[in-house]
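This report looks at a few neighbouring strands and one helix, with attention to pairing, turns and burial. Please keep the sequence and the coordinates at hand while reading.

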Amino acid sequence: MPELIPNLRARRLFLHRHALSEAPVGPASGQALHDLIERIGFVQVDSINTVARAHDMILWSRRQSFRPQALKRLLERDRSLWEHWTHDASILPVRLHGVWQHRFRRDEERLHRNWKSWFRDGYEAQFDSILNRIARDGPVGTADVGIGEVRGRGGWWDWHPSKTALEWLWRTGKLAITRRDGFAKIYDLTERVIPEIHRAPVPAEGVTDWACRTALRQVGFCTSGEIAAYWNATPPEAAKDWCQVALARGEIIEVEVEGAAGQRRKSFIFKDILDDPPAGPTPRLRILSPFDPALRDRKRAEFLFGFFYRIEIFVPEPKRVWGYYVFPVLEGDRLVGRIDVKAFRDAAALRVKAFWPEAGVTLTRARRAKLEAELDRLALFAGCERVEFLDGWERETLTRPSA
């Protein structure tokens with residue numbers, strides 16, 4: 001019979017693997033920042049700047065001395081990090097470029113099948129001219145290409161052909177992001193961005209083992225489907241086969257993980273991780289990005305923490321339950337609420353519109369003090385001088401909306 005990991009222990013193990021157990025203190029630049037990103041695997045990139053961009057807030061939640069310029073230096077000067085795709089656009093250690101070259105080939109086949117039905121015609125005809133221009137004249141952004149092409153006003157499906165071509169060349173490894181101006185990508189030839197030592201592909205036969213083994217260590221315990229989804233670098237069937245082989249060899253063991261409601265889910269874990277339970281987390285309260293690595297798998301967050309979360313930026317305002325961009329709130333080993341907060345930099349104010357506690361959570365004097373302290377720290381990070389609480393910001397617990 002598989003060993004049971006009780007829910008409290010599972011939450012603590014999970015948060016420890018995601019660097020959310022210890023106090024968010026210590027150095028947050030140079031090698032220390034690089035080591036933190038190695039520890040959590042990758043950092044998702046997102047453009048929304050309600051308080052701070054997702055990649056910056058993810059790092060700030062773990063090291064509150066972090067400032068965005070430190071990440072920019074690692075990406076654009078030191079070249080120890082780079083941007084590409086996991087489940088979404090992400091910042092990764094540059095040493096993974098050799099693994100991603102197999103993904104480039106896989107994605108090229110998939111994009112060739114799909115993009116012709118998604119985008120306007122004409123982008124394939126731009127490949128050579130864009131590559132030749134960059135080789136001759138240097139890096140470009142989307143504003144520099146496609147002069148005279150019709151520029152749509154819709155979303156990604158309405159890109160002009162040269163922008164589509166740039167994204168294709170980036171997704172398939174011919175180009176790399178050399179920097180961002182504001183949030184706009186600036187592309188250059190891959191060999192000018194990725195250090196030569198990291199451009200050699202790793203052997204293809206080792207990709208599945210690497211992807212599964214590292215995913216399981218990063219998260220702590222996983223189903224085979226969660227293993228495949230972590231890097232999105234290997235198919236679910238391959239991850240399932242890897243688990244069975246590793247289980248038969250005694251490299252991993254099967255356990256049952258208890259969910260927040262007492263339900264159980266079979267998962268895999270390395271025995272050394274199971275045998276080395278982490279200490280309890282700091283009781284500190286912290287406000288997390290909706291794209292935090294610990295929360296990006298919404299179903300797993302609901303299973304482990306009983307925390308139902310869906311981002312509502314694409315939901316029409318009258319149909320939103322919580323708000324446009326609402327931040328989960330972690331206290332110790334529990335997700336205790338969500339907060340609607342926005343930086344109004346022209347007024348130097350971080351404004352709190354609403355805080356909803358989770359079921360069974362009350363805003364006690366001690367918890368309120370921790371929340372106010374965290375908001376003060378967040379205001380400083382967001383470039384604001386003060387926190388303002390709007391009328392009616394303390395809300396009642398809301399139940400999960402019906403489907």
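Which residue of S11 does Leu330 stand opposite? In this predicted model, Leu330 stands opposite Leu335 in S11, and the pairing that holds this position involves strand S10 (residues 327–331), which is joined to S11 by 5 bridges and runs antiparallel to it. Strand S11 (residues 334–344) also pairs with strand S12 (residues 349–357), again in the antiparallel sense, and there Ala343 of S11 stands opposite Leu350 of S12.

The two pairings, each of which is also a hairpin, can be set side by side.

| Strands | Bridges | Residues between the strands | Residue with positive phi |
|---|---|---|---|
| S10 and S11 | 5 bridges | 2 residues | Gly332, near 60° |
| S11 and S12 | 8 bridges | 4 residues | Ala348, about 60° |

Of the 11 residues in S11, 8 are buried, that is, under 20% relative accessible area, and the strand is therefore largely enclosed by the rest of the structure.

Turning to the helix, H9 (residues 207–219) has 13 residues, which at 1.5 Å a residue should span 18 Å; because its end C-alpha atoms are 18 Å apart, the expected and computed values agree. The buried residues of H9 are Val207, Trp210, Ala211, Cys212, Ala215, Leu216, Gln218 and Val219. An α-helix has 3.6 residues a turn, so residues three or four places apart point the same way. After H9 comes Gly220, which takes a positive phi near 110°.

Key
Residues are numbered from 1 along each chain as its sequence is written. This is a predicted model: local features need pLDDT of at least 70, side-chain atom pairs count only at pLDDT 80 or more; totals for chains, interfaces and linings use all residues. Side-chain values use heavy atoms; hydrogens and water are left out. Buried means under 20% relative accessible area, exposed over 50%, partly exposed in between (1.4 Å probe, protein chains only). Two strands pair if DSSP finds at least two bridges between them. The expected span of a helix is 1.5 Å times one less than its number of residues.
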